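Reader: I am new to this structure and would like a close look at a single part of it, namely the charged side chains and how they pair. Could you take me through that part slowly, and say along the way how each conclusion is reached?

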Amino acid sequence: MKICILGLGVIGTTYGYVFKKAGHQVEHLLREMNNPNVPSSLDVKILDGRYAKKGEEKSDKYIVNIAKPNTEYDFIILSVASGKIKDAITTLNKNNITGSLILFCNFWYSREEIEKIVGDYSYIIGFPTAGGSMTQNILDCVLFNHIMIESERKSNITNYSSLIELLVSADLKTEIPYDMVEWIWIHMAINAGVTSSAAQGGNINKPKQLAINLMNSPQMLAIAVKTIRETVKVVEARGVDLRPYKNELLPYRIPARPAGIIMKMMFKNNELTRRIMTLHNDLTDIMYGCKSVYETGKLKKLNLPLFYSNMDAILANIPN
């Protein structure tokens, strides 16, 4: 199949790499097509969780193929930070790039807002289970064995079976939540609770060390559990029935102290999760989710003492 990745970010490039290894044609559409600093290749360091529970360490080379304007693709992968989907769609339209969109994004939008943003594009909402960092020409990433994707019934594309075929070809399984938009909101609320707890002293400028400190401390993890209970209320206040997501929320329902102990053991024994926690260091993206949950909680006049206290300390240390 013919796949277009918008940009050269961590998520899109990680999936571009595995799709290319599976034999598909993968090209990147860059905003600055003639930028001489765009690398022709990347060194890939990947902890690949598709074939072993603890993951497999691999090193490889990824050749960056550049997309040309006026091209039709089977799928276009959008994984853009900080809610910048509008800008991404503008770039696609400007270059007359067509195909079914796969939205691999954190967003605090409603489905109706997403439909307005994507315009005439057919689209499906998913969520990547991958992450990492890009420094110079090195992609250091983690890949799990599945992705989150919405059901064919709720999707807006006509080539759903081709998408499943694409994922199967790359040995990626699928998990289908009750509603993908609501699931993303819940995911963002959980991340906001975790992030604000990790940086409860107000300093968020060293996310890797904060993640390590959090994962090694059952006391801090217990606080994170309590904070997540608060942040999930923000999603509920937006009209979401949480009952279909009881499995996702179960770890945060049990008493906080034993939950903290269990979570520490989980992080200790799950190298994939531990690695992805320490590699994710995009502060703009991290703060987008935290601020979205924080501002909505304030707007809804919710009582979230732990979360607000942590966020107020963080925001006081971040320049406007």
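Author: A residue is called buried when its relative accessible area is under 20%, exposed when that area is over 50%, and partly exposed in between. The model in front of you is a predicted one, and with these cut-offs in hand we can start with D60, which is partly exposed because its relative accessible area is 27%. D60 forms a salt bridge with K21, and the closest N and O atoms of the two are 2.9 Å apart. This pair joins distant parts of the chain, since D60 sits in strand β4, residues 56–63, while K21 belongs to helix α1, residues 10–21, with 39 residues separating them. The partner K21 has a relative accessibility of 57%, and it therefore counts as exposed.

Behind such contacts stands a simple idea: side chains of opposite charge can pair when their charged atoms come close. Over the whole structure, a search finds 11 salt bridges, and two further pairs deserve the same careful reading.

One of them is formed by D179 and K154, whose closest N and O atoms are 3.1 Å apart. Here too the salt bridge links distant parts of the chain, 25 residues apart: D179 lies in the loop between β11 (173–175) and α5 (180–198), and K154 lies in the loop between β10 (146–149) and α4 (160–169). D179 has a relative accessibility of 10%, so it counts as buried, whereas K154, with a relative accessible area of 24%, is partly exposed.

The other pair is K58 and E56, whose side chains meet in a salt bridge with an N to O distance of 3.7 Å. K58 counts as partly exposed because its relative accessibility is 28%, and E56 is likewise partly exposed, having a relative accessible area of 29%. These two residues also belong to a wider arrangement, for D48, R50, E56 and K58 are linked in a network of salt bridges.

From that network we can follow R50 to another positively charged residue, K173, which lies in strand β11. K173 and R50 are 123 residues apart in sequence, yet their C-alpha atoms are 8.9 Å apart in space. K173 has a relative accessibility of 55%, and so it counts as exposed.

Charged residues also come together in another way, for K226, R229, R253 and R257 form a positive surface patch. R229, one of its members, is found in helix α7, which covers residues 218–237. With a relative accessibility of 33%, R229 counts as partly exposed, and this value fits the patch, because a residue needs over 30% relative accessible area and no salt bridge to be included in one.

It remains to ask about covalent links between side chains. A disulfide is a covalent bond between the sulfur atoms of two cysteines. A search of the whole structure finds 0 disulfides. C105 is in none, as the nearest cysteine sulfur, belonging to C4, is 14 Å away, and C141 is in none either, the nearest cysteine sulfur being that of C105 at 18 Å. Sulfur atoms would have to lie within 2.5 Å of each other to count as a disulfide, so neither distance qualifies. C105 counts as buried because its relative accessibility is 1%, and C141 is buried with a relative accessible area of 1%.

Conventions: Residues are numbered from 1 along each chain as its sequence is written. This is a predicted model: local features need pLDDT of at least 70, side-chain atom pairs count only at pLDDT 80 or more; totals for chains, interfaces and linings use all residues. Side-chain values use heavy atoms; hydrogens and water are left out. Patches are made of residues with over 30% relative accessible area and no salt bridge: like charges are joined within 9 Å, nonpolar side chains (Val, Leu, Ile, Met, Phe, Trp, Tyr) within 5 Å. Accessible areas come from the Shrake-Rupley method with a 1.4 Å probe; for residues, only the protein chains shown count as cover. A salt bridge is a side-chain nitrogen of Lys or Arg within 4 Å of a carboxyl oxygen of Asp or Glu. Lys and Arg count as positive and Asp and Glu as negative; His and the chain ends are not counted. The place of a charge is taken as NZ of Lys, CZ of Arg, CG of Asp or CD of Glu. Helices (H or I, at least four residues) and strands (E, at least two) are DSSP runs, numbered from the N terminus. Buried means under 20% relative accessible area, exposed over 50%, partly exposed in between (1.4 Å probe, protein chains only).
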